[in-house]
Amino acid sequence: MSNTHADTVSYVRDTMLMQQDPPSTSVGVVGWARGNLFSGWFNTILTILSAAFVLWLLAGIVPWVVSPTWNASSLTECREILAGHEGACWGVIHERWNQLLFGFYPQELYWRPVLALVLLLIALGPILFADFVSPKILPFSAVYPFIGAWLLWGGTIWTPVMAALGFVVGYGVFVLAQRFIVPGLAFLAAVLAALVWWLVIMPFALPDLARLIPIGLEAVQSRQFGGFMLSITIGVTAILFSLPIGILLALGRRSDLPLVKWLCVGFIEFIRGVPLITLLFVASTLLNIFLPPGTNFDIILRVMIMVTLFASAYMAEVIRGGLAALPKGQYEGADSLGLDYWQAQRLIIMPQALKISIPGIVSTFIGVFKDTTLVSIISMFDPLGLANAIRADSAWNGIYWELFIFIGAVFFIFCFSMSRYSMYLERKLQTGHR
């Protein structure tokens with residue numbers, strides 16, 4: 001038998017066949033379509049009907065969206081340009097985009113909120129993307145809240161400096177109290193020291209410092225805030241502070257100390273049982289009743305406090321779920337290593353609980369950011385409030401879809417970005433079971 005034949009025996013093969021490419025109909029776009037869209041007669045019919053429906057929608061939507069009205073200065077001019085045809089009047093976005101983004105913030109000072117946003121992204125870099133951004137930026141991340149507030153509101157530079165020194169004083173008292181006083185009272189002593197600094201020393205020393213060394217920016221009143229700048233300011237503040245407060249509330253609710261536990265339970269259940277709109281009305285109108293006469297408590301600060309407390313209550317329940325999902329062996333393992341309560345929480349328990357809770361945490365963040373539109377109920381000009389104000393203008397009376405489509409698109413970009421980051425973080429930390 002010749003050696004050139006592939007088969008030396010009719011039923012025994014002693015050579016391998018050459019590897020061949022898969023059929024072209026089972027790979028690539030064609031293979032995906034056959035496997036997902038045309039895998040059977042029923043799926044084929046559904047695919048054809050769905051494609052026809054999508055084409056019908058696009059045939060009606062695309063001509064409306066692609067409308068040559070970008071430079072129109074009124075709804076009447078839009079109608080003249082369209083000449084009786086259906087189409088969007090995008091001139092309102094072209095003319096009022098700055099108002100939708102910045103509210104009534106002085107136009108010559110737009111660089112300040114833009115710079116604050118850029119610095120915010122830089123400050124979040126080492127926190128959100130630690131693998132790509134140097135940790136050397138972390139000190140800047142710690143001081144950014146004071147820089148950002150100063151850029152937005154302006155005024156003397158000594159206001160953020162003195163506010164930041166309050167945290168330094170509190171930390172110094174905390175260290176000294178742990179060394180020379182009862183360690184269990186160190187945190188309480190630190191909080192009291194910081195409050196004394198902010199409420200007593202700071203109001204007394206700030207006017208003299210501002211007069212002796214007059215360094216600052218032009219002050220901007222809170223009533224001039226509006227648009228997406230207002231929503232981002234309230235949303236970012238609530239997101240940044242609700243997570244640590246929520247962690248403390250979750251730990252307090254699971255505490256063995258009855259007073260701490262029931263205080264946390266009462267706070268969480270009260271906040272979760274009251275609509276956010278009610279809390280915003282309290283911040284807007286009723287809170288001043290409980291303050292001393294003549295007290296000027298900034299309205300945006302009041303709203304940020306209420307939204308933060310509201311988000312913290314929901315965040316506490318999300319994190320409590322993560323803590324409850326951990327097996328008992330993790331707590332026993334921490335005890336066997338001789339760790340105290342806070343060491344065990346910091347090194348073993350809380351990192352795992354936070355990984356489990358990532359989807360719930362990000363969902364709470366997204367919900368808080370969208371809930372910032374509720375401030376329009378208390379006459380604050382968020383994007384929705386400004387949209388109503390723009391529609392009240394005689395030039396744009398009758399505009400509806402264009403404004404809300406633009407607002408919805410911007411909110412979608414922010415919320416979708418947070419959702420995608422959540423998925424990235426889950427993959428990075430390998431959250432879940434495989």
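## Helix packing and a buried aspartate

Trainee: Let's start with α11 and α12: at what angle do these helices pack?

Mentor: Happy to, and bear in mind that this is a predicted model. Helix α11 covers residues 276-286 and helix α12 covers residues 299-325. Their axes lie 9 Å apart, and the packing angle is about 150°.

Trainee: Are α11 and α12 roughly parallel or roughly antiparallel?

Mentor: Angles over 145 degrees count as roughly antiparallel. The angle for this pair is about 150°, which makes α11, relative to α12, roughly antiparallel.

Trainee: Which residues of α12 make the contact with α11?

Mentor: The crossing of α11 past α12 is right-handed. From α11 come L276, L279, L280, V282, A283 and S284. Sorted by class, the residues of this contact are 10 nonpolar, 1 polar and 1 charged. On the α12 side, the residues are I299, R302, V303, M306, V307 and F310.

Trainee: Helix α9 meets α12 as well; how many nonpolar residues does that contact have?

Mentor: Helix α9 spans residues 227-253, and its axis comes within 5 Å of that of α12, with a crossing of roughly 45°. The two helices are therefore oblique to each other, and α9 passes α12 in a right-handed crossing. The contact includes 6 polar and 3 charged residues, and its nonpolar residues number 20.

Trainee: Now for a single residue: is D382 buried or exposed?

Mentor: D382 sits in the loop between α15 (358-371) and α16 (383-391). Buried means under 20% relative accessible area. D382 has 0% relative accessibility, so it counts as buried.

Trainee: Which residues is D382 in contact with, leaving aside its neighbours within four places in sequence?

Mentor: For a sense of its surroundings, D382 and L101 are 281 residues apart along the chain, yet their C-alpha atoms are separated by 9.2 Å. Contact here means heavy atoms within 4.5 Å. With those sequence neighbours left out, the contacts of D382 are G227, L230, S231, T372, T373, V375 and S376.

Trainee: Stepping back, what is the radius of gyration of the protein chain?

Mentor: The chain has 17 helices and 2 strands. For 434 residues the globule rule gives 22 Å, and the chain is well over that, so it is more spread out than a compact globule. Along the principal axes, the C-alpha trace spans about 105 × 80 × 45 Å. The radius of gyration is 30 Å.

Trainee: And what percentage of the residues in the chain are buried?

Mentor: Among contacts with a separation of 6 or more, 69% join residues 24 or more positions apart. Of the 434 residues in the chain, the buried ones make up 35%.

Technical notes. Residues are numbered from 1 along each chain as its sequence is written. This is a predicted model: local features need pLDDT of at least 70, side-chain atom pairs count only at pLDDT 80 or more; totals for chains, interfaces and linings use all residues. Side-chain values use heavy atoms; hydrogens and water are left out. Axes are lines fitted to C-alpha atoms, for helices over the stretch in contact, and angles run from 0 to 180 degrees between N-to-C directions. Helices (H or I, at least four residues) and strands (E, at least two) are DSSP runs, numbered from the N terminus. Angles under 35 degrees count as roughly parallel, over 145 as roughly antiparallel, 65 to 115 as roughly perpendicular and the rest as oblique. A crossing is left-handed if the near helix is turned anticlockwise from the far one by less than a right angle, and right-handed if clockwise. Ala, Val, Leu, Ile, Met, Phe, Trp, Tyr, Cys and Pro count as nonpolar, Asp, Glu, Lys and Arg as charged, and the others, Gly among them, as polar. The radius of gyration is taken over C-alpha atoms; the globule rule is 2.2 Å times the number of residues to the power 0.38. Buried means under 20% relative accessible area, exposed over 50%, partly exposed in between (1.4 Å probe, protein chains only).
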